[in-house]
Amino acid sequence: PPTIPAFGGRFNISNGSVRRIDADGSEKIVITNVEFKADAVSLEKPLSYQLGFTSGDGSGSFSAAGTMAISRDDPLNLEALRAKAEMHIKNWEVQDVLTILAQRGDYPSGSGRLNAELNISGSPADKLDLEGHLSLDTLKLWGGLLGSDKPSIKKIAIDLDASGNRQKLA
């Protein structure tokens, strides 16, 4: 298998932002205050990371922290990756995400507020565990494959406790 040289270092992004550019050329900031830190000391220790940002309208936030350990003998083998992550989404307006998807396919546009607490751990080669809670408030959808239908849902709440691999999900 191909090999990569051992390396170590720290990677930081501070005060970043992400803009959406529509077909008409108009721009909108959809993510602000991006803070990302990754620490890859060596192949002997897991890479650790922290990521956080705020929604463009300033009302929602996302944060994640975790570790990823790669195979020392085969670092390019993603199947051998072992990961652990904790994610938090608070009051995120999904309209910008749905707009981006709608521009790239026959997906509906929409709006709603997402909240989530998720924990992921494991390896694609072995088993991945997913635990947490998602809720979506005042979901409204329109366009795309929905045609003229405009469904709305007051609240969706999902408790997750799943475990699986490529062959089986429990």
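Two strands are taken to pair if DSSP finds at least two bridges between them, and on this basis β2 and strand β3 (residues 47-55) of the predicted model pair in the antiparallel sense over seven bridges. Within this pairing, I31 stands opposite S55 in β3, and T32 has T54 of β3 as its bridge partner.

The model to which these strands belong is a predicted one, with a protein chain that contains one helix and eight strands, arranged along the sequence in the pattern β-β-β-β-β-α-β-β-β. Taken along the principal axes, the C-alpha atoms of the protein chain fill a box of roughly 55 × 40 × 30 Å. Of its 170 residues, 26% count as buried, and among the contacts with a separation of 6 or more, 46% are accounted for by residues 24 or more positions apart.

The pairing of the N-terminal strands can be followed from one strand to the next. Strand β1 (residues 9-21) is joined to β2 by ten bridges, and the two run antiparallel; one of the residue pairs in this arrangement is R19 with its bridge partner I29 in β2. The two strands form a hairpin with five residues between them, and G25 in the turn has a positive phi of about 90 degrees. Beyond the β2 and β3 pairing described above, β3 and β4 pair in the antiparallel sense over eight bridges, with T54 opposite S61 in β4 and Y49 opposite G66 in β4. The hairpin of β3 and β4 likewise has five residues between the strands, and here G58 takes a positive phi near 80 degrees. The residue T54 thus appears in two pairings, as the bridge partner of T32 and as the residue opposite S61. Strands β4 and β5 in turn pair in the antiparallel sense over nine bridges, and G66, which faces Y49 of β3, also stands opposite A85 in β5.

The largest nonpolar core is made up of ten residues in all, namely V30, I31, V34, F53, F62, A64, I89, W92, A116 and L118. At least two residues of this core are supplied by each of β2 (27-40), β4 (61-69), β5 (82-93) and β6 (109-122), and β2 gives the most, with three residues. In soluble globular proteins, nonpolar side chains tend to be buried together. One member of the core, I89, touches S61, F62, L114, N115 and A116 when residues up to four places away in sequence are not counted; of these contacts, F62 and A116 are themselves members of the core.

Several core residues also take part in the lining of the second largest pocket, which has a volume of about 180 Å³. The lining comprises V18, V30, I31, F53, F62, I89, W92, D96, V97, I100 and L114. The elements that give two or more residues to this lining are β2, β5 and α1 (95-103), and α1 gives the most, with three residues. By residue class, the lining divides into ten nonpolar, no polar and one charged, the charged residue being D96. I89 therefore belongs both to the core and to the lining of this pocket, a double assignment that rests on burial under 20% relative accessible area for the core.

Two leucines outside this core were examined for their surroundings. L81 is found in the loop between β4 and β5 and, leaving aside its neighbours within four places in sequence, is in contact with M68, A69, I70, G122, S123 and P124. L81 and I29 are 52 residues apart in sequence, and their C-alpha atoms are 33 Å apart in space. L130, in contrast, has its place in strand β7 (residues 128-142), where it counts as partly exposed because its relative accessibility is 27%, a value that lies between the 20% limit for buried and the 50% limit for exposed. Not counting residues up to four places away in sequence, L130 touches L118, N119, I120, L160, D161 and A162, and of these residues L118 is a member of the largest nonpolar core. The C-alpha atoms of L130 and L47 are 20 Å apart in space, for a separation of 83 residues in sequence.

Definitions and conventions:
Residues are numbered from 1 along each chain as its sequence is written. This is a predicted model: local features need pLDDT of at least 70, side-chain atom pairs count only at pLDDT 80 or more; totals for chains, interfaces and linings use all residues. Side-chain values use heavy atoms; hydrogens and water are left out. A nonpolar core is a set of buried Ala, Val, Leu, Ile, Met, Phe, Trp, Tyr and Cys residues joined through side-chain atoms within 4.5 Å. Buried means under 20% relative accessible area, exposed over 50%, partly exposed in between (1.4 Å probe, protein chains only). Helices (H or I, at least four residues) and strands (E, at least two) are DSSP runs, numbered from the N terminus. Contact means heavy atoms within 4.5 Å. On a 1 Å grid over the protein atoms alone, a cavity is a set of points where a 1.4 Å probe fits but cannot get out, and a pocket is an open set with protein on both sides within 12 Å along at least five of seven lines; lining residues have an atom within 4 Å of a point. Grid points are joined across faces, edges and corners, and a volume is the space filled by probe spheres set on the points.
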